[in-house]
Amino acid sequence: MKLPERIIKTCLGFLFTKKITRFVFFKFHGYFNQHKISLLGAFILPFLVLFLSLFIKLDKNRKNLIKQKLKYFYPHVTRPVVTPSNCVRIVLQSIYLALFNTTTTSQAQISYEQRKTWRKIKHSLRILRLVDKKLVRAFKRLWLFAKTNPSAESYQRISKAEIWNNRILKIAFFTILIFAVAVFVTVPFSIEAQAVFISLLLIVAYSLRRVEGQMATITMITLAVTTSTRYLWWRYTDTLNWDDPVALALGIGLLLAESYAWLVLILGFFQTINPLKRKPLPLNEDTSTWPTVDIYIPTYNEPLSVVKPTTIAAQSIDWPADKLNIYILDDGKRPEFAEFARQIGVGYLTRSDNNHAKAGNMNQAMKVTQGEYIAIFDCDHIPARSFLQMTMGQFLNDSKVCLVQTPHHFFSADPFERNLKNHRKIPNENMLFYGLIQDGNDMWDATFFCGSCAVLRRSALEEIGGFAVETVTEDAHTALRMQRAGYKTTYINIPQAAGLATDSLSAHVGQRIRWARGMAQIFRLDNPLFGKGLNIAQRLCYLNAMLHFLSGIPRIVFLTAPLALIYFNAQIIYAPFVAIFLYIVPTLLQVKITNSRIQGKYRYSFWGEVYESVLAWYILKPTTVALINPNKGKFNVTEKGGLNDTDHYDWTISRPYIILLLINVIGMTYGVFRLFFGDTSQIGVLIISMLWASYNVIILGAAVAVAAEAKQVRSSHRIKANFPAAIRLANGHTIKVKITDYSDNGVGLETEHSHLCRVNDKVELLMSRGFKQYSFATYICNTRDKQLGLTLRDLDLEKQKAFIQCTFSRADAWLDWQENFKHDKPSYSFSNVFYTSLRGFKNLIFHAPNELRPVIVFVSQVLYFVASLLPKKPTKAFKPS
Amino acid sequence: MKKIFVKGIKGGTGTTSVVANLACALRKSHETVYVIDLDPKSDIGLHLGLAWDHLLGWSDYADFASASEQFHQDNDGVTFLPYGSGSNTKSSFKDIINHCQQLHDSDDAWFLFDCPAHINALEYPLDPEDIFLEVINCDAICHSLMYKQLNFLKQSGSSWQHYFLTNRFNSASELESDLLQLWQSELPLFAPLYINKDEAIMEATAFRNVAINCAPYSVANDDFETLAGWLVSRANNNES
């Protein structure tokens with residue numbers, strides 16, 4: 001024993017009994033050696049314990065009990081106890097325990113309460129639904145009542161009166177109507193009046209949304225036009241802050257973007273107000289009167305494997321053989337294409353230069369072919385056998401028809417569908433155009449030519465000097481010129497060909513850039529608003545098509561607008577919070593409800609924003625450049641038929657949205673900060689801005705999700721199908737089967753009962769085309785209960801042809817594509833976009849480059865740590881004795 | 001009553017199995033079906049579940065009334081009359097055909113006659129609404145026989161509905177699919193359907209049954225259903 005210790009011990013001996021002295025020293029050694037407490041601390045603590053023991057009896061049981069209690073009340077305090085973070089935890093938890101009721105009730109009671117709440121929620125939901133149903137039904141009845149013609153004689157006499165045909169009366173009626181709308185749009189309302197007015201319109205629109213019929217749609221459109229115009233009027237007259245130049249400049253920017261959106265909305269309504277839904281016309285029985293048709297398959301750098309099926313299917317189109325000529329227009333000038341064309345007996349055309357790309361290629365071909373009609377298929381678009389039967393009737397019926405366009409249908413998933421994994425679940429980007437807009441255009445005789453899957457009248461083409469070569473979208477420009485020359489264009493919304501979608505996001509964006517640039521070029525070089533030959537409706541339809549591609553700047557404005565207030569405190573919408581709320585939210589709802597009704601089957605709510613946001617940045621520059629200098633820029637060919645062998649994230653293409661996303665997220669964080677520490681008078685506007693910004697974050701998140709390029713497993717795409725066939729097994733049994741999918745080298749099929757086939761068995765596949773049955777030698781490549789996968793190996797050209805005739809070129813091959821989709825439900829669609837967006841954030845983290853990894857780890861650790869500081873509710877069952 | 005005569009253009013084309021399966025297919029759509037075996041081979045019973053050692057048939061009786069006790073019914077409800085051993089030389093197949101009309105429920109019943117290959121169509125008492133199916137296989141012999149038969153029919157001026165029906169078609173064979181395509185495109189009186197070659201038909205006979213019962217999953221089932229449907233539409237055309 002050391003000297004100082006001995007001295008202290010003696011000193012203590014004067015004051016305490018020997019037992020206590022020993023206890024003090026025992027504890028001191030324990031604290032000092034084992035718990036590593038400082039010398040002084042270790043010396044003082046035993047006295048503290050002694051002092052406490054004067055008041056509390058501290059035997060072993062009591063100690064354990066206290067420990068348990070502490071553990072129960074402070075579950076997240078870590079060991080060792082005395083650390084700064086634990087101090088924070090203990091303080092927070094103590095405050096929490098002191099202020100909040102944490103008494104744990106029994107599990108049974110909790111679940112009872114939960115059930116009760118749940119019942120209440122369900123009950124109120126049911127009431128809500130009932131009210132909704134009643135409202136809608138009442139409106140339906142009211143609507144029908146208004147529609148049914150009362151048979152009263154007086155009514156009949158009035159409704160049949162001559163006076164309704166009076167021109168002056170009509171003009172007067174329309175004047176009154178326009179005047180009424182003008183009044184509704186321009187009269188300034190007080191806040192209360194606006195609230196009543198807008199909620200009335202909203203209720204009407206909401207109740208009408210499920211009522212069937214064209215009139216209901218038109219009513220909803222009228223309401224939406226009124227509301228949105230009123231909104232815009234209010235914005236122009238009431239909401240510009242003339243005192244603050246920054247806010248004024250930004251505000252005018254936003255206002256212009258909104259005006260653009262309004263214009264596109266109104267034009268869109270106009271375009272799709274009454275889709276024509278044209279039906280095919282029957283052809284003359286006598287085939288000798290049918291005209292001659294040339295089929296052009298222009299190609300430049302696509303592989304033969306892509307062009308082959310198209311050519312074969314084109315040969316199989318039902319048309320008198322002596323009146324059908326097929327030409328491969330090869331700008332790549334490849335010998336293997338010439339050889340293939342010779343083998344199967346189609347024309348092969350090349351030219352000395354490659355001027356004007358596709359348009360030039362087809363113009364050259366027109367010089368050496370003679371068909372009265374020209375059908376055009378991009379080299380990856382496989383036509384169905386019924387293509388000409390469906391389309392040619394239009395020409396023979398009306399000699400002014402110069403174009404029959406059919407939809408472009410893609411059997412492979414486009415980058416959006418593939419990367420977001422929603423192929424065949426959500427209508428893709430194309431569907432709105434081919435499902436609705438083209439049909440709407442057809443109503444106004446303004447169908448666009450889309451470059452493929454269409455038939456043109458040669459004489460009309462010759463009259464305008466062949467395909468237009470001035471722009472990179474020769475198709476739209478050609479149609480425009482033919483319309484100027486007095487010809488009609490038509491659209492038949494029956495998919496009669498299918499092709500490959502672009503196979504990467506960058507290719508997809510590249511294609512859209514080309515379209516955008518081309519449209520902007522047409523706008524400059526041959527503006528459809530001016531010039532002769534078009535009627536006002538056609539001009540408006542073309543205008544809308546071009547405006548659509550100018551969406552770059554407005555979209556970016558919308559994606560950044562709320563930040564102006566958050567960052568710079570710039571009041572871009574200079575109005576009281578309540579007014580902003582009462583104008584913006586109902587208008588947006590009204591427009592969304594109306595659009596959801598009109599576009600329901602072809603475009604789900606909120607997805608349009610996602611598609612546009614992805615493209616916005618990329619079409620911004622080319623359209624602007626093309627508007628300023630239309631002759632700049634070259635034709636780029638869209639690449640197709642490629643493979644993505646790994647999952648990867650396309651950082652280059654997603655950079656703009658990641659930057660936008662970052663400034664939005666930072667803005668949100670700053671907004672939260674301002675909510676707590678900023679000027680309290682701004683909170684209302686701030687909250688609106690933050691809601692808007694968070695919507696933008698969701699949309700941008702979805703846009704970011706698209707850039708995660710998913711791996712493409714199969715080089716040949718499987719096409720869903722449903723038609724009967726048969727297989728003959730090696731033992732001679734012939735079993736009927738249903739083909740469930742096929743590709744160019746295999747089929748998937750389903751038997752009625754479980755089968756006994758094994759992998760690598762050789763089976764004969766029997767498929768019929770009309771009365772003719774074809775047999776294909778195949779091998780089984782996979783089996784499952786009732787399913788079989790067959791591969792076709794080493795087919796000769798004849799068999800390949802037969803296979804394509806039995807599959808791709810079936811008349812019904814692509815008919816079901818639009819029936820797959822249900823009508824849009826906005827709330828459902830929003831949650832879909834929301835989850836996609838979450839996946840986008842996950843993707844960002846998952847694919848982050850290695851340099852960023854430490855940062856991500858650090859940030860997540862910080863977040864985890866902060867979360868661990870927060871108070872926790874004591875949970876463990878604890879029975880105080 | 002609807003009378004269908006089924007005869008092979010030569011021996012061994014699978015006539016009897018066509019008759020048995022067709023009868024069964026018609027029966028499945030709740031028609032009354034009688035099958036009369038006119039072929040001295042007397043093997044229709046083997047397709048329809050009759051015992052092997054049952055030898056008696058209409059040819060062992062002097063007249064139709066006494067022969068009618070040889071009508072049998074199979075499990076599906078097809079009523080059939082076997083040919084028998086031919087011990088009574090007085091009975092002739094023409095009498096049998098004529099007497100069938102006296103059966104009590106014969107008004108909308110189907111009568112299928114399994115005719116031997118060697119007796120030509122002209123020798124049957126055929127009405128204009130009767131259908132005569134000549135079963136062929138896709139081979140060169142049938143090809144030549146068919147054209148001969150066509151000439152013959154043209155000369156003799158047939159008044160009934162005569163069709164050629166392809167049996168045991170195998171599209172894997174180039175010859176067969178070429179022949180079929182040729183016939184389909186240029187042969188008059190060619191039935192617009194065919195029976196695919198299917199092991200199930202042979203196997204079913206080994207079970208003394210028909211393919212429609214033994215292998216409903218097989219193409220044979222569909223083929224016979226199509227054939228039955230086609231015949232129904234033919235017969236309805238007659239009535240209207």
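# A guided tour of chains A and B

Let's start with two parts of chain A: the centres of domain 3 and domain 4, taken over C-alpha atoms, are separated by 24 Å. Keep in mind along the way that this is a predicted model.

**Stop 1: domains 3 and 4 of chain A**

Select residues 163–271 of chain A for domain 3, and 557–708 for domain 4. Their contact draws on 40 residues of domain 3 and 27 residues of domain 4. Together the two domains of chain A bury about 2,800 Å², with 75% of that area on carbon and sulfur atoms. Now show the side chains of L202(A), W234(A) and L254(A): on the domain 3 side, these lose the most area to domain 4, together 21% of what that side buries. How many salt bridges are counted between domain 3 and domain 4 of chain A? The count is zero.

If you would like to colour the rest of the assignment for chain A, domain 1 covers 1–56, domain 2 covers 107–160 and domain 5 covers 719–813.

**Stop 2: where chain B meets chain A**

Next, bring both chains into view. Here 21 residues of chain B and 18 residues of chain A make the contact. The area buried between the chains is about 1,600 Å², and carbon and sulfur atoms give 45% of it. On the chain B side, pick out S171(B), Y217(B) and V219(B), which lose the most area to chain A, together 33% of what that side buries.

One salt bridge is found across this interface. To see a salt bridge between the chains, select K736(A) and D222(B), whose side chains meet with an N to O distance of 2.6 Å.

**Stop 3: a strand in chain B**

Stay with chain B and select residues 110–115, which are strand β5; C115(B) is part of this strand. Is C115(B) buried or exposed? With 2% relative accessibility, C115(B) counts as buried. Beyond its neighbours within four places in sequence, C115(B) is in contact with several residues, among them F5(B), L38(B), D39(B) and Y124(B). Try a distance between the C-alpha atoms of C115(B) and F5(B): they are 6.7 Å apart, although these positions lie 110 residues apart along the chain.

D39(B), one of those contacts of C115(B), is worth selecting too. The side chain of D39(B) meets that of K41(B) in a salt bridge of 2.7 Å, N to O. D39(B) counts as buried at 7% relative accessibility, whereas K41(B) counts as exposed at 54%.

**Stop 4: salt bridges within chain A**

Back in chain A, select E339(A) and R342(A), a salt bridge with its closest N and O atoms 2.9 Å apart. Both residues belong to helix α13 (residues 335–344), and because they are three residues apart there, about one helical turn separates them. R342(A) is exposed, at 58% relative accessible area, while E339(A) is partly exposed, at 37%.

For another pair, select E764(A) and R728(A), where the closest N and O atoms of the salt bridge are 3.5 Å apart. E764(A) is in strand β16 (residues 762–769) and R728(A) in strand β13 (residues 719–728), so this pair ties together parts 36 residues apart in sequence. R728(A) counts as buried, at 5% relative accessibility. Over all chains, the count comes to 30 salt bridges.

**Stop 5: a nonpolar patch**

Finish on the surface of chain A. F51(A), L52(A), L54(A), F55(A), I56(A), L58(A), I66(A) and L70(A) form a nonpolar patch there, with about 780 Å² of accessible area together. Helices α3 (39–53) and α4 (60–73) each supply at least two of its residues. L58(A) sits in the loop between α3 and α4, and counts as partly exposed at 36% relative accessibility.

Notes
Residues numbered from 1 in each chain as written. Chains lettered and ligands numbered in written order. Predicted model: local features only at pLDDT ≥ 70, side-chain atom pairs only at ≥ 80, totals over all residues. Heavy atoms only, no water. Patch = residues over 30% accessible without salt bridge, like charges linked within 9 Å, V, L, I, M, F, W, Y side chains within 5 Å. Areas by Shrake-Rupley, 256 points an atom, 1.4 Å probe, with all protein chains shown as cover. Salt bridge = Lys/Arg side-chain N within 4 Å of Asp/Glu carboxyl O. Helix = DSSP H or I, 4+ residues; strand = E, 2+ residues; numbered from the N terminus. Buried < 20%, exposed > 50% of the residue type's maximum accessible area, 1.4 Å probe, protein only. Contact = heavy atoms within 4.5 Å. Domains from an automatic or database assignment. Buried area = accessible area lost by both parts, 1.4 Å probe.
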